Amino acid sequence: MFHLRQTADGPLIGAVGPFPTPNPSVGVASTKPALTNANAGTPSASGSTGSGVDTTVGNGTLYWAVVSDGSLPTNGQIKAGSGGGIVVAGSQAVSGTGAQSIVAITGLEAETVYQLIFLQTNSAGTDSAQASVGLTTTA
């Protein structure tokens, strides 16, 4: 229950709680996500397993895209999963901070150099900076 008091001729004064305690494991929706430690996992001839990235904000959506080496897709293209040299892409919900592992990547060509790009949009719609790592498929 919140109480606000207004003076006869002035603005509202103060607010009295109780106020909910923030949950640091979820993160504040308005906090811009930061992605670090992007890793390509274990490459195979047609993709990779165990790929992932770390996040500082535990909500929203994590997007990933594999692009031809040297391609620079926009955030919109990564979210759409097409354009900008994207070969395969996907997304998943983020439910906590820290390590985020993605599903196995398939559909790539053997012995080819790619970039794996991650992007997170928090629940308020704020995008992280892109985080990327090289991914080279095996023979």
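Trainee: In β10, which residue is the bridge partner of L62?

Mentor: This is a predicted model, where local features need pLDDT of at least 70, side-chain atom pairs count only at pLDDT 80 or more, and totals for chains, interfaces and linings use all residues. Residues are numbered from 1 along each chain as its sequence is written, and side-chain values use heavy atoms, with hydrogens and water left out. In β10, L62 is bridged to Q120.

Trainee: How many bridges join strand β7 to strand β10?

Mentor: Strands here are DSSP runs of E (at least two residues) and helices are runs of H or I (at least four), numbered from the N terminus. β7 covers residues 61-68 and β10 covers residues 113-121, and they run antiparallel. Along this pair, W64 has F118 as its bridge partner in β10. The bridges between β7 and β10 number 8.

Trainee: What is the order of the strands in the open sheet of 4 strands?

Mentor: Two strands pair if DSSP finds at least two bridges between them. On that basis the pairing in this sheet is antiparallel. Reading across the sheet, the order is β8-β7-β10-β11.

Trainee: And which strands stand at the edges, each with a single partner strand?

Mentor: Each edge strand has a single partner, so one side of it is left without a neighbour in the sheet. One of these strands covers 86-93 and the other 131-136. They are β8 and β11.

Trainee: How many bridges join β10 to β11?

Mentor: The two strands run antiparallel. One of the bridged residues is V113, whose partner in β11 is T136. The number of bridges joining β10 to β11 is 6.

Trainee: How many of the 9 residues of β10 are buried?

Mentor: Buried means under 20% relative accessible area, exposed means over 50%, and partly exposed lies in between (1.4 Å probe, protein chains only). β10 is largely enclosed by the rest of the structure. Of its 9 residues, the number that are buried is 8.

Trainee: Which residues of the largest nonpolar core touch the most other members?

Mentor: A nonpolar core is a set of buried Ala, Val, Leu, Ile, Met, Phe, Trp, Tyr and Cys residues joined through side-chain atoms within 4.5 Å. The largest one has 17 residues. Those touching the most other members are L62, W64, V66, I105, L108, L116 and F118.

Trainee: Which strands each supply at least two residues of this core?

Mentor: We have met these strands already, in the sheet with the order β8-β7-β10-β11. The ones that each supply at least two residues of this core are β7, β10 and β11.

Trainee: Which residues is I105 in contact with, leaving aside its neighbours within four places in sequence?

Mentor: Contact means heavy atoms within 4.5 Å. I105 is one of the core residues that touch the most other members. With its sequence neighbours set aside, I105 is in contact with S46, G47, S48, S51, W64, V66, V88 and L116.

Trainee: How many residues are in the second, separate core?

Mentor: Among its members are A65, V67, I78 and I117. The number of residues in this second core is 7.

Trainee: Which strands form the open sheet of 3 strands?

Mentor: The pairing in this sheet is antiparallel. The strands, in order, are β3-β6-β9.

Trainee: Which residue in β9 does T55 stand opposite?

Mentor: Strand β6 (residues 52-55) pairs with β9 in the antiparallel sense over 4 bridges. Opposite T55, in β9, stands G98.

Trainee: N37 is not a glycine, so what is its phi?

Mentor: Most residues other than glycine have a negative phi. N37 lies in strand β3 and counts as exposed, at 54% relative accessibility. Its phi is positive, at about 55°.

Trainee: Where is the place of E111?

Mentor: E111 also has a positive phi, of about 50°, although it is not a glycine. At 60% relative accessibility, E111 counts as exposed. Its place is in the loop between β9 and β10.

Trainee: How far apart in space are S44 and E111, C-alpha to C-alpha?

Mentor: S44 sits in the loop between β4 (42-43) and β5 (48-49) and is partly exposed, with a relative accessible area of 30%. Not counting residues up to four places away in sequence, S44 touches T137 and T138. S44 and E111 are 67 residues apart in sequence, and their C-alpha to C-alpha distance is 9.1 Å.
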